[in-house]
Amino acid sequence: MAYLAFYRMFRPTTFDEVVRQEHIVRILKNQIESDKVGHAYLFCGPRGTGKTSLAKIFARAINCEHPVNGSPCGKCASCLALADPSNLDVCEIDAASNNGVDEMRDLREKVQYPPVGGRYKVYIIDEVHMLTQSAFNAVLKTLEEPPRHAVFILATTEPQKIPATILSRCMRFDFKLIPQADLENLIKGVFEKTGKQYEPSAVSAIARAGAGSARDSLSIADMCASYSRGKLTYDDVNAVLGGAEWSEIAEVSAKILQEDYSSAISLIEHILSTGKGVGVLLKDMLSFLNDLTIVKVCKNAREIINRPDETYNKIESIAQIADGHKLLRVTEILTAAENSLRYSSNGRITLETAVFKAAMPQSDYDIDALMGRMAALERKIAEGAYTPEYGSVTPQNPPKPQPPKTAQIPKKAHPAEFVSSKPELVEDSGGNPFESVEKQTEIAVQSKIPPNISGVDKRTVFAKFLKSLRTTHVNKMLFLLCMDLDHEFEGDKLILITDNEAVPGGLNKPENAKFISEALAELGVLDYEVRFRARGESDYERAVRTLKENFSGTDIDIK
């Protein structure tokens with residue numbers, strides 16, 4: 001007898017042998033036991049989930065003389081007759097090769113003949129979505145009102161291509177992908193029946209490669225069993241699948257997460273030089289990144305990925321060097337590269353470009369890249385970042401305040417140079433990197449006013465005045481009017497300057513003037529004036545005037 005592949009040798013023959021799909025099995029069993037068999041069924045779902053197998057079991061069960069728990073007994077005359085492939089009571093039609101209107105007209109004529117030995121004549125039409133529109137129309141009326149002895153079972157992987165007129169005439173059952181744990185149990189059972197020894201990690205790798213399909217998983221298991229003469233190992237499965245060595249994939253992913261793009265590119269070139277395909281390498285890298293994500297976020301990660309202890313510990317150590325944002329960003333970049341491979345004439349360049357982008361977040365303005373860079377900075381600070389000026393800086397050990405600095409103004413400085421240069425602060429905070437953005441903004445605003453030696457700190461008055469307006473909800477409009485004002489002092493009098501003729505009228509309204517006076521009085525300024533100044537004065541002239549006003553007791557030589 002010719003050799004049978006695993007997926008044919010171990011095809012289920014009863015409802016109890018079907019892997020998962022319990023929601024469908026229960027309905028079919030109840031219909032058989034209550035003798036309420038429908039006339040048309042639609043089995044739809046991904047490949048390898050048991051559509052055709054369940055259709056064959058159902059066809060034998062409704063013709064069985066003594067069904068056992070809804071399943072065919074396999075012993076009665078009807079079951080023995082249906083086990084013969086030449087039996088005409090169960091007709092399996094491939095719609096991919098018989099998709100014309102003539103084939104459906106022939107079916108419509110033959111369906112009138114009664115079954116030979118059983119109660120029902122069952123037509124299993126596989127890949128029914130391949131029928132043409134004319135073929136669907138030819139079988140439409142027969143499908144709606146078939147003879148009492150006829151049952152139609154339509155199977156498809158793409159139900160969206162089936163006309164609504166067909167869908168409305170069928171009982172639809174949606175098959176689900178099979179979980180990995182059930183696929184592992186299925187593969188283990190097959191290996192035990194065939195006497196093949198195996199490692200649990202090898203079975204897990206086969207089940208993951210099957211991606212929810214029992215037929216794909218059994219086909220891979222069949223190849224692996226033929227490849228390995230002794231005990232099947234994880235490396236054997238990896239060799240059959242054509243993937244790169246796991247340690248190389250782990251090292252490449254680690255270099256990308258560490259932003260060492262030079263080493264990552266070198267490793268990729270080495271892997272590709274051994275003959276591995278770009279698509280296979282990308283798939284392996286994405287699978288490894290998925291394992292990293294599971295280890296990062298799941299408490300029972302060891303049970304989910306089911307890897308040997310040494311392998312799991314390696315994955316766990318790599319997961320520690322990356323946060324969730326970085327993992328998400330790298331995964332999205334490589335996924336986009338995998339999608340681009342089908343349109344790329346040079347897959348190697350597509351892969352290496354994606355690796356460059358993933359390992360260089362500083363050149364990417366994506367929000368996940370920015371979040372990853374912020375997380376790296378926070379981690380460095382938490383670990384104790386070192387700066388030449390302050391030494392080791394941590395939130396618990398902030399930099400020590402430095403002695404205050406005093407502005408040094410040349411006796412004969414050019415006015416334009418004085419204005420354009422960056423003035424020193426009279427009191428410096430020591431450059432504490434943990435100061436808030438608001439404090440740094442306030443210092444920047446204060447630095448625009450030359451220091452004054454009177455009782456009021458004129459450098460900080462206007463910034464504090466704006467802050468008082470900003471924190472008062474009632475005066476939001478007043479804040480908008482004042483935020484674009486220029487300001488200067490004439491002695492102890494604060495001059496608020498604007499080049500908009502409408503602003504002085506708004507600020508001099510009684511209610512606004514009262515609030516401004518009270519706010520400035522709290523800051524030590526008892527007199528102020530709102531002054532309009534046209535845009536005619538140059539920066540040089542204004543600098544000269546400001547210099548003379550603030551240093552009235554000093555001889556200033558203008559050249």
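**Entry 1: burial and surface**

I began with burial: of the 559 residues of the protein chain, 42% count as buried. The model is a predicted one. I then looked up the exposed area, which is about 31100 Å² for the protein chain. Carbon and sulfur atoms supply 52% of that area. For the secondary structure, I noted 26 helices and 10 strands in the protein chain. I also checked contacts with a separation of 6 or more: residues 24 or more positions apart account for 69% of them.

**Entry 2: confidence**

I looked up the pLDDT next, and the protein chain averages 79. A score of at least 70 is reached by 78% of the residues. I marked residues 386–390, where the pLDDT is below 50. Beyond near neighbours in sequence, this stretch has eight contacts in the model. I marked residues 404–454 as well, since the pLDDT there is also below 50. For residues 404–454 I noted 64 contacts beyond near neighbours in sequence.

**Entry 3: nonpolar cores**

I asked which residues touch the most other members of the largest nonpolar core. They are F191, I206, I256 and L292, in a core of 63 residues. Helix α14 (residues 278–297) gives the largest share of this core, 10 residues. I followed F191 further and left out residues up to four places away in sequence. The residues that F191 then touches are F6, K196, Y198, V203, I206, A221, A225 and L232. I206 is thus both a contact of F191 and one of the core residues named above. I also found a second, separate core of 23 residues, which includes A40, L42, I93 and A138.

**Entry 4: helix α6**

A138 took me to helix α6, where it is one of the buried residues. I noted 12 residues in α6 and a reach of 16 Å from the first C-alpha to the last. That is close to the 16 Å expected at 1.5 Å a residue. Besides A138, the buried residues of α6 are A135, F136, V139, L140, T142 and L143. I asked what the buried residues of α6 pack against. The partners are β1 (40–44), α5 (101–110), β4 (150–156) and α7 (164–167).

**Entry 5: salt bridges**

I turned to charged pairs. Side chains of opposite charge can pair when their charged atoms come close. The structure holds 17 salt bridges, and I looked at several.

K29 forms a salt bridge with D16, with the closest N and O atoms 3.1 Å apart. K29 lies in helix α2 and D16 in the loop between α1 and α2, so the pair ties together parts that are 13 residues apart in sequence. I asked whether K29 is buried or exposed. K29 is buried, with a relative accessible area of 13%, whereas D16 is exposed at 55%.

R20 forms a salt bridge with D182, and the closest N and O atoms are 2.6 Å apart. This pair links distant parts of the chain, 162 residues apart. R20 sits in the loop between α1 and α2, and D182 in helix α8 (residues 180–194). I recorded R20 as partly exposed, with a relative accessible area of 35%.

R169 and E144 meet through their side chains in a salt bridge of 3.2 Å, N to O. This pair also links distant parts of the chain, 25 residues apart. I placed R169 in the loop between α7 and β5 (171–174), and E144 in helix α6. E144 is partly exposed, with a relative accessible area of 33%.

I also noted a network of salt bridges that links E490, K493, E529 and R531.

**Entry 6: positive phi**

I ended with backbone angles. Most residues other than glycine have a negative phi. I asked where Q21 is found. Q21 is in the loop between α1 (6–9) and α2 (22–33), and has a positive phi of about 55 degrees although it is not a glycine. Q21 counts as buried because its relative accessibility is 2%, under the 20% cut-off.

E127 is also not a glycine, and has a positive phi of about 50 degrees. E127 lies in the loop between β3 (121–126) and α6 (133–144). At 23% relative accessibility, E127 counts as partly exposed.

Technical notes: Residues are numbered from 1 along each chain as its sequence is written. This is a predicted model: local features need pLDDT of at least 70, side-chain atom pairs count only at pLDDT 80 or more; totals for chains, interfaces and linings use all residues. Side-chain values use heavy atoms; hydrogens and water are left out. Helices (H or I, at least four residues) and strands (E, at least two) are DSSP runs, numbered from the N terminus. Buried means under 20% relative accessible area, exposed over 50%, partly exposed in between (1.4 Å probe, protein chains only). pLDDT is the predictor's confidence in each residue, from 0 to 100. Contact means heavy atoms within 4.5 Å. The expected span of a helix is 1.5 Å times one less than its number of residues. A salt bridge is a side-chain nitrogen of Lys or Arg within 4 Å of a carboxyl oxygen of Asp or Glu. Accessible areas come from the Shrake-Rupley method with a 1.4 Å probe; for residues, only the protein chains shown count as cover. A nonpolar core is a set of buried Ala, Val, Leu, Ile, Met, Phe, Trp, Tyr and Cys residues joined through side-chain atoms within 4.5 Å.
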